[in-house]
Amino acid sequence: MPQNKRSKLVVLISGSGSNLQAFIDASKNGNLNADIAAVISNKAGVMGLERAKNVGIANEVIDHKQFDDRESFDTELADRIERYQPDLVILAGFMRILTPEFVGRFAGRIMNIHPSLLPKYPGLHTHRRAIEAGDKKAGATVHFVTSELDGGPAIVQAEVPILPGDDEGALASRVLVQEHQIYPLAAQWFCEGKLSLKNGAPELNGEALPTSGKKFSNETP
Ligand code: GRF
């Protein structure tokens, strides 16, 4: 991808869209050399759609319940995404499991953020599971999407402490602050041509990334 050109993103959501907001802000303030061509939600009336409308970003609802099966929903979703010809597809709290056919259409240019230190706790209720297990730390991981749920190769990971007395909500808020930093950052690396998926393995600046991704700190360039 030419490194000077602004990239085009399509963001998929199902809810609040605070990660979407982080992308909107990063795109505006110069931290992300990309424009959001469209936001697509599988749920009507969610706050993420309002966030898109507030700044004039094209937004669509594709209600999965209107489709007979996962395959037909995914085909329609992929067709609608492709109309915008995005360089990168961003899953930001998109609560649908995607078929291998869908993932194959965007291989190497689709990312997700998961609120755990993957490979720990794929799936739901990550914060509750980390607290119940007595873990001392939690976090979030940005990864390329493969057909394995929350199982694609990690790009960047941020850690936070689990503090005595934390409940799920307190921990989720602490992790979200980190999510909003690492997700636009990973997208920016991709848009700058620094990050790519080579034969299934992510490379940043020409070097293979560790299995759990680059460890984020506030000094991470
Ligand atoms: C985030 O915790 C993200 O890691 C997970 O879903 C949540 C979405 O939050 N995949 P938001 O809609 O971006 O506020």
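This is a short tour of a predicted model, going from the ligand to the loop after strand E5.

**Stop 1: the ligand.** Select the ligand and look at the space around it. That space is the largest pocket. The elements that each give two or more residues to the surrounding shell are helix H1 (18-29), strand E5 (110-114) and helix H6 (168-191).

**Stop 2: the shell.** Now select Ser16, Gly17, Ser18, Asn19, Gly93, Ile113, His114, Pro115, Leu176 and Glu179, the residues around the ligand. How many of the shell residues are nonpolar, polar and charged? Three are nonpolar, six are polar and one is charged. Colour the chain by domain next: domain 1 (1-106) and domain 2 (113-221) each supply at least three residues to the shell.

**Stop 3: Gly17, Ser18 and Asn19.** Zoom in on these residues and show their N and O atoms. At Gly17, a backbone N or O atom lies 2.8 Å from an oxygen atom of the ligand. At Ser18 the side chain takes part: one of its N or O atoms is 2.5 Å from a ligand oxygen. At Asn19, a polar backbone atom is 2.8 Å from an oxygen atom of the ligand. Switch on the surface to see the cover: the ligand on its own has 370 Å² of accessible area, and the protein covers 81% of it.

**Stop 4: the loop between E5 and H5.** Leave the ligand and select Pro119, which is in the loop between E5 and helix H5 (126-132). Is the peptide bond from Leu118 to Pro119 cis or trans? This bond is cis, with omega near 15 degrees. Then select Tyr121, also placed in the loop between E5 and H5. Tyr121 is not a glycine, yet its phi is positive, near 55 degrees. For background, most residues other than glycine have a negative phi, and most peptide bonds are trans.

Note on methods
Residues numbered from 1 in each chain as written. Predicted model: local features only at pLDDT ≥ 70, side-chain atom pairs only at ≥ 80, totals over all residues. Heavy atoms only, no water. Near = heavy atom within 4 Å. Polar contact = N/O pair within 3.5 Å; in protein donor to acceptor, adjacent residues only side chain to side chain. Areas by Shrake-Rupley, 256 points an atom, 1.4 Å probe, with all protein chains shown as cover. 1 Å grid on protein atoms, 1.4 Å probe; cavity = no way out; pocket = protein on both sides within 12 Å on 5 of 7 lines; lining within 4 Å. Sits in = over half its atoms within 2 Å of the grid points. Helix = DSSP H or I, 4+ residues; strand = E, 2+ residues; numbered from the N terminus. Nonpolar A, V, L, I, M, F, W, Y, C, P; charged D, E, K, R; others polar. Domains from an automatic or database assignment.
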